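Student: I have a model open and would like to walk through it with you, starting wherever you think is sensible.
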Amino acid sequence: KTDVPESAVRDLVLASITIKYTQSNSVAYAVNGQIIGVGAGQQSRVDCVKLAGRKVSIWWCRQHPKVQALQFKEGSKRQDRVNARVRYIEGDITAAEMPIWLENFAVAPEPLTAEEKAEWMATLDETALSSDAFFPFRDSIDHASKFGVKYIAQAGGSVQDTAVAAACDEYGMAMCLTGLRLFHH
C-alpha cells in the first residue's frame with residue numbers, strides 16, 4: 001500500500017542480515033544505514049521488541065542536547081564518559097551511587113526528565129524494524145511505534161497477519177512480508 005524509499009529498503013536489509021546471525025527470537029531496529037537496537041533470545045517476540053527498543057532509546061537520547069552538553073572532568077576516560085551518559089539517560093542512579101557518578105563531571109548536570117526524554121523520542125522518525133519470523137500479535141507493532149518505526153520487514157504467515165497489518169496501517173507503517181524465516185530451528 002505504501003511506497004518504501006530506497007533508504008528504508010537498505011535499513012530493512014541491514015536489519016534482516018543482522019538478525020539472521022542472532023539467537024531467535026530476534027528483531028533489529030535500523031535507521032540511516034546503522035543498527036540502533038537488537039533484541040534477541042527472548043521467549044516472546046514483543047519482549048525482543050521491548051529489549052531492542054530500550055537500546056534505541058539510549059542511542060537516540062545520547063544525541064539529546066542535554067546529554068551532548070554534559071561537562072566531564074578533564075582527563076576522564078572514554079568508557080567512564082560512556083557509562084556516565086548511559087546512567088544519566090536511564091535516570092536510575094541510587095543515592096549510594098550518586099556521589100561516585102558525580103565524580104565524572106566538572107559541573108553537576110541537571111536531570112534529564114521523563115518529559116524531556118519523551119519529547120525527544122517523539123522526534124525519532126523513519127526507523128526500520130525487521131523480525132526473524134512473523135509478528136504473532138499487534139503488541140509488537142504497538143510498542144515499535146514508540147521508536148519512530150515507519151517500515152517493517154517480517155516473514156508473515158501468522159494467523160494474526162490481518163490484525164498485525166491493521167496495526168501497521170493505524171500507525172502509518174509500511175509492512176513488507178518477506179516470506180522468509182531467518183532463525184535456525
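**A walk through the model**

Tutor: Let us begin at the end of a helix, bearing in mind that this is a predicted model: helix α8 is followed by Gly 172, and the phi of that glycine is positive, near 70 degrees.

Student: OK, and which residues of α8 are buried?

Tutor: Within α8, which covers residues 161-171, the buried ones are Asp 161, Val 164, Ala 167 and Cys 168. Looking down the helix axis, these buried residues fall within an arc of 125 degrees, so they line one face of α8.

Student: What does the face turned away from the buried side carry?

Tutor: That face of α8 carries Thr 162 and Glu 170, which are exposed.

Student: And what do the buried residues of α8 pack against?

Tutor: They pack against α7 (139-144), β4 (149-154) and β5 (174-177). The two strands in that list pair with each other in the parallel sense over four bridges, and one of the pairings to look for is Tyr 151, whose bridge partner in β5 is Ala 174. Taken together, β4, α8 and β5 make a β-α-β unit that is right-handed.

Student: Let's zoom out to the sheet. What is the order of its strands?

Tutor: The sheet is open and has five strands, in the order β2-β1-β3-β4-β5, with mixed pairing. At the edges stand β2 (34-40) and β5, each of which has a single partner strand, so one side of each is left without a neighbour in the sheet. From one strand to the next, the twist averages 15 degrees.

Student: Mixed, fine. In which sense do β1 and β3 pair, parallel or antiparallel?

Tutor: Strand β1 (residues 26-31) pairs with strand β3 (residues 127-131) in the antiparallel sense, over four bridges, and here Ala 28 has Ser 130 of β3 as its bridge partner.

Student: Which strands does helix α1 lie across?

Tutor: Helix α1, residues 6-20, lies across β1, β2, β3, β4 and β5, and runs at about 35 degrees to β3. Helix α8 also packs on the sheet, where it touches β4 and β5, and its direction makes about 160 degrees with that of β4.

Student: Switching to the interior: which residues touch the most other members of the largest nonpolar core?

Tutor: That core has 35 residues, and those touching the most other members are Val 27, Tyr 29, Leu 129, Phe 135, Ile 141, Val 149 and Ile 152. At least two residues each come from β1, α2 (45-61), α4 (78-90), α7, β4 and α8, and α2 gives the most, with seven residues. Apart from this core lies another, of six residues, including Ala 8, Ala 128, Tyr 151 and Ala 174.

Student: Last topic, the backbone. Where is there a cis peptide bond?

Tutor: The bond from Ser 24 to Asn 25 is cis, with omega near -10 degrees, and Asn 25 sits in the loop between α1 and β1. This deserves a look because most peptide bonds are trans, just as most residues other than glycine have a negative phi.

Student: So which residues have a positive phi without being a glycine?

Tutor: Asn 32 is one of them, at about 55 degrees, in the loop between β1 and β2, and this residue is exposed, with a relative accessible area of 61%. Glu 126 has a positive phi of about 65 degrees; its place is in the loop between α6 (114-121) and β3, and Glu 126 is partly exposed, at a relative accessible area of 36%.

Technical notes
Residues are numbered from 1 along each chain as its sequence is written. This is a predicted model: local features need pLDDT of at least 70, side-chain atom pairs count only at pLDDT 80 or more; totals for chains, interfaces and linings use all residues. Side-chain values use heavy atoms; hydrogens and water are left out. Buried means under 20% relative accessible area, exposed over 50%, partly exposed in between (1.4 Å probe, protein chains only). The arc is that of the directions from the helix axis to the C-beta atoms. Contact means heavy atoms within 4.5 Å. Two strands pair if DSSP finds at least two bridges between them. Axes are lines fitted to C-alpha atoms, for helices over the stretch in contact, and angles run from 0 to 180 degrees between N-to-C directions. A crossover is right-handed if, with the strands pointing away from the viewer, the path from the first strand over the helix to the second runs clockwise. A nonpolar core is a set of buried Ala, Val, Leu, Ile, Met, Phe, Trp, Tyr and Cys residues joined through side-chain atoms within 4.5 Å.
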